[in-house]
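Biologist: I have this one open in the viewer. Can we go through it together?
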Amino acid sequence: MERKFDVVPPAEWGIFPDGRPMVIAGPCSAESEEQVLRTARELRKCGVGVFRAGVWKPRTHPGTFEGVGAPGLKWLKRAGRETGMKVCTEVACREHVEACLESGMDMVWIGARTVSSPFAVQEIADALHGADIPVLVKNPVSPDIELWSGALERFAQAGVRKLGIVHRGFSSSEKMLYRNSPVWRIVIEMRSRFPELPFFCDPSHIAGDRKYVREIARRALDLGLDGLMIESHCEPSCALSDAAQQLAPDDLAGLLSGLVVRQADSDSSDYRETIDSLRARIDAIDGEILAALASRMEISRKIGECKKKSNIAILQTSRWDAVLEKVRTEGTEYGLSPEFVSAVFNAIHDGSVQVQNDILAKD
Ligand code: PEP
Ligand code: MN
């Protein structure tokens, strides 16, 4: 397994209690000392060890609640002292980092909007230089894996050795069930790029509605992610930000107790035997798929030559529409979803068009 960064594993951060998943919970925003303390006490009773609350809130519209600012850090510290929980908040600029280091926050995270700006990320990374606190980096607002990776690289280069990743979903212009789209393909890619970093899911910001938080948390753990950051408020309906997605502490406790944690691997001989033989079959089928793709591409090349000879354009959309329609229908007979079949065949078609393009471009 390739390790990109020289980092400290989360078990040595002194932040999370033993056991999986690692859980961070607390309100979207710190609103008052009373709300912070009450929520923290209730969460502590539910066994939560790490408390979150935003004091600087990056809101989409001006005039909405933008957080209580630095005074909220004192409430967090008091909550930490009284309950024994570790406390963390979001930072978006150098001043935030300085205030957090001064007040003794145990951990900070960088929010999605901030991660979208390399200038802001660099400024925060520079401000963290020499500090030893863990830093969690959420995904940027858009599904841009390079921007997300680049942010992690900036922190690693600034000497941050306690580094984690948080998936909170991506903005989308399409209408969808959730507030932010969970693009699990990108999560899988990030996981294999940075296997040494603990990976959290923030199902609250993906969901946008408390009724979906459980299913997203379950999905994240089924994929093998290490932790969850979940918004919880002592009185969710009165919350000044993200009211619809926050859970009452009792509901959070119910959710957590119902989660099944999956192991990364197992030595059981039964499991090994079954998985190894299934994987051998998958490997053989992958070989057949590659051979079939190569034959198909060879024919595309011949079609390209034929079109070139007769001076015909590469794209005949009606032909492609017909092919797609046919494979989508045939696919359903095999129990394959039309969306899946379309995605696969569109990728194959892109490759085929590329091959024909190359032929037509040749003198
Ligand atoms: C938050 O955690 O409250 C927050 C603002 O998150 P995000 O950056 O994911 O929107
Ligand atoms: Mn929030």
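Modeller: A cut-off before the ligand: a residue counts as near a molecule if one of its heavy atoms lies within 4 Å of it. Also, this is a predicted model.

Biologist: Fine. Which residues surround ligand 1?
Modeller: With that cut-off, the surrounding residues are Cys 28, Arg 52, Lys 57, Glu 90, Trp 109, Gly 111, Ala 112, Arg 113, Lys 138, Arg 168, His 205 and Glu 231.

Biologist: Which side chains have an N or O atom by an oxygen atom of ligand 1?
Modeller: Arg 52 is one of them, with a side-chain N or O atom 2.7 Å from a ligand 1 oxygen. For the side chain of Arg 113 the distance is 3.1 Å. Ala 112 contributes through its backbone, where an N or O atom lies 2.7 Å from an oxygen atom of the ligand.

Biologist: And how much of ligand 1 does the protein bury?
Modeller: The protein buries 97% of the 290 Å² that ligand 1 exposes when taken alone.

Biologist: Next, the metal. What are the protein donors of the manganese ion, ligand 2?
Modeller: Cys 28 through SG, His 205 through NE2, Glu 231 through OE and Asp 242 through OD. They lie 2.0 to 2.4 Å from the ion. Along the chain, the donors follow the spacing C-x176-H-x25-E-x10-D.

Biologist: What does the pair Glu 231 and Asp 242 tie together?
Modeller: Glu 231 sits in strand S8, residues 227-231, and Asp 242 in the loop between S8 and helix H10 (249-257), so the pair links parts that are 11 residues apart in sequence.

Biologist: Is Asp 242 buried or exposed?
Modeller: Asp 242 is buried, because its relative accessible area is 19% and the cut-off for buried is under 20%. Glu 231 is also buried, at 1%.

Biologist: What is phi at Asp 242?
Modeller: Positive, about 50°, although Asp 242 is not a glycine.

Biologist: Where does Asn 311 sit, and what is its phi?
Modeller: Asn 311 has a phi near 55°, again a positive value in a residue other than glycine. Its place is the loop between helix H11 (269-309) and helix H12 (317-333). Asn 311 is exposed, with a relative accessible area of 70%.

Biologist: While we're on the backbone, which peptide bond is cis?
Modeller: The bond from Arg 20 to Pro 21 is cis, with omega near -10°. Pro 21 belongs to the segment before strand S1 (22-26).

Biologist: Now the packing. Which members of the largest nonpolar core touch the most others?
Modeller: That core has 71 residues, and the members with the most contacts to other members are Phe 51, Val 135, Val 137, Leu 152, Phe 155, Leu 163 and Met 190.

Biologist: What is Met 190 in contact with?
Modeller: Ile 145, Trp 148, Ser 149, Leu 152, Ile 165 and Phe 199, leaving aside neighbours within four places in sequence. Apart from the largest core lies another core of 14 residues, among them Val 8, Met 107, Phe 200 and Met 229.

Biologist: Switching to Ile 133. Where is it found, and what does it touch?
Modeller: Ile 133 is in the loop between helix H5 (118-128) and strand S5 (135-138). Ile 133 is buried, with a relative accessible area of 15%. Not counting residues up to four places away in sequence, Ile 133 touches Leu 101, Met 105, Asp 106, Met 107, Val 108, Leu 128 and Lys 162.

Biologist: How far apart are Ile 133 and Trp 13?
Modeller: In sequence, 120 residues; in space, 8.3 Å from C-alpha to C-alpha.

Biologist: What about Thr 83 in helix H2? Which backbone oxygen lies by its side chain?
Modeller: The backbone oxygen of Ala 79, at 2.6 Å from a polar atom of the Thr 83 side chain. Thr 83 is buried, with 16% relative accessible area. Outside four places in sequence, Thr 83 is in contact with Ala 40, Arg 41 and Arg 44.

Biologist: Last, the whole chain. How many helices and strands?
Modeller: The chain has 13 helices and 8 strands. Of its 363 residues, 45% are buried. The C-alpha atoms fill a box of roughly 80 × 50 × 40 Å along the principal axes.

Biologist: What share of the exposed area comes from carbon and sulfur?
Modeller: Carbon and sulfur atoms supply 52% of the roughly 18900 Å² that the chain exposes.

Terms used:
Residues are numbered from 1 along each chain as its sequence is written. Chains are lettered from A and ligands numbered from 1 in the order in which they are written. Side-chain values use heavy atoms; hydrogens and water are left out. Donors are N, O and S atoms within 2.8 Å of the metal (3.2 Å for Na, K and Ca); water is not among the atoms, so sites may look incomplete. Helices (H or I, at least four residues) and strands (E, at least two) are DSSP runs, numbered from the N terminus. Buried means under 20% relative accessible area, exposed over 50%, partly exposed in between (1.4 Å probe, protein chains only). A nonpolar core is a set of buried Ala, Val, Leu, Ile, Met, Phe, Trp, Tyr and Cys residues joined through side-chain atoms within 4.5 Å. Contact means heavy atoms within 4.5 Å. A polar contact is a pair of N or O atoms within 3.5 Å; within protein, one must be able to donate a hydrogen and the other to accept it, and residues adjacent in sequence count only if both atoms are side-chain atoms. Accessible areas come from the Shrake-Rupley method with a 1.4 Å probe; for residues, only the protein chains shown count as cover.
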